[in-house]
Amino acid sequence: MSNFRHTRRAALAAMFAVGMHLATASRARAEAPPAVNAAAPTAWSSLSPEEQKALSRYSEKWNSMPADQQQRLVRGTRRWLSMTPEQQQKAKQRYARWKELSPEQKELARKRWHKYRELPPDQQARVRENYHRFKNLTPEQRQRLRERWQNASPEERQRMLDRRRQRMQRQGRPTQ
């Protein structure tokens, strides 16, 4: 059971990290250069010097790469280059945490990410907002909240969710 909780906790952490990446990446995308044409290969010479430097390990095999792979690399590079040093550092930390996950944890995080992406934008915003609220709690408060939820019966969990929805309605905020 302890291993399950650790796996679940790690997967949740990965999902939240991906959510945070979404929040910063969407801002970076808005500031990034226009997207690469999805149908055509990208000529190495059309890349900026900064992009060529970031992609230098691919320079020898660039022309033999499939166009979609080139474009994924260019999009990622442009996103990376549009980030602040602080955002880049956070991205490196998230990637290091991701690499430490087991294949099962990574798969669970991917499934949760896809489920998140299928939510309407207003529900995605609520997920991000709740994540920020959770992160602003002290470690002790987060632990108490986790324990309270884990120790609750399904009926108690439903009552907790219902009370939260009622509070949100009283505050004039939409509920899920």
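Helices here are DSSP runs of H or I with at least four residues, numbered from the N terminus. Keep that in mind as you click through this predicted model.

**Stop 1: the whole chain**

Show everything as a cartoon. You should find eight helices and zero strands. Along the sequence the pattern reads α-α-α-α-α-α-α-α. The protein has 176 residues, and 26% of them are buried. About 12,500 Å² is exposed, with carbon and sulfur atoms supplying 52% of that area.

**Stop 2: colour by confidence**

Colour by pLDDT. The mean for the protein is 82, and 76% of the residues reach 70 or more. Which helix has the lowest mean pLDDT, and which the highest? Select residues 2-31: this is α1, the lowest at 51. Now select residues 85-100: this is α4, the highest at 95. Go back and pick residues 24-30, where the pLDDT is below 50. Beyond near neighbours in sequence, that stretch has nine contacts in the model.

**Stop 3: a helix with a buried side**

Select residues 121-136, which form helix α6. Its 16 residues reach 23 Å from first C-alpha to last, close to the expected 22 Å. Show the side chains of Gln 124, Arg 126, Tyr 131 and Phe 134, the buried residues of α6. Why do they sit on the same side of α6? Because they cover an arc of only 155° around the axis. Next, turn to the face pointing away from the buried side. There you meet Pro 121 and Asn 136, both exposed.

**Stop 4: two tryptophans**

The whole structure holds two aromatic pairs. For one of them, select Trp 44 and Trp 62. Their ring centres are 5.4 Å apart and their planes stand at 65°, so this pair is edge-to-face. Trace the chain from each ring. Trp 44 is in the loop between α1 and α2, while Trp 62 is in the loop between α2 and α3. The two are 18 residues apart, so the pair links distant parts of the chain. Both Trp 44 and Trp 62 are buried.

**Stop 5: a pair within one helix**

Finish with Trp 113 and Tyr 116. How are these rings arranged, with 25° between the planes? They are stacked, at 5.5 Å centre to centre. Both residues belong to helix α5 (residues 103-117). They are three residues apart, about one turn of the helix. Now switch on the surface. Tyr 116 has 7% relative accessibility, so it counts as buried. Trp 113 is partly exposed, because its relative accessible area is 23%, and buried means under 20%.

How values were computed:
Residues numbered from 1 in each chain as written. Predicted model: local features only at pLDDT ≥ 70, side-chain atom pairs only at ≥ 80, totals over all residues. Heavy atoms only, no water. pLDDT = per-residue confidence, 0-100. Contact = heavy atoms within 4.5 Å. Expected span 1.5 Å × (residues − 1). Buried < 20%, exposed > 50% of the residue type's maximum accessible area, 1.4 Å probe, protein only. Arc of directions from axis to C-beta. Areas by Shrake-Rupley, 256 points an atom, 1.4 Å probe, with all protein chains shown as cover. Phe/Tyr/Trp six-rings, centres within 6.5 Å; stacked < 30°, edge-to-face > 60°.
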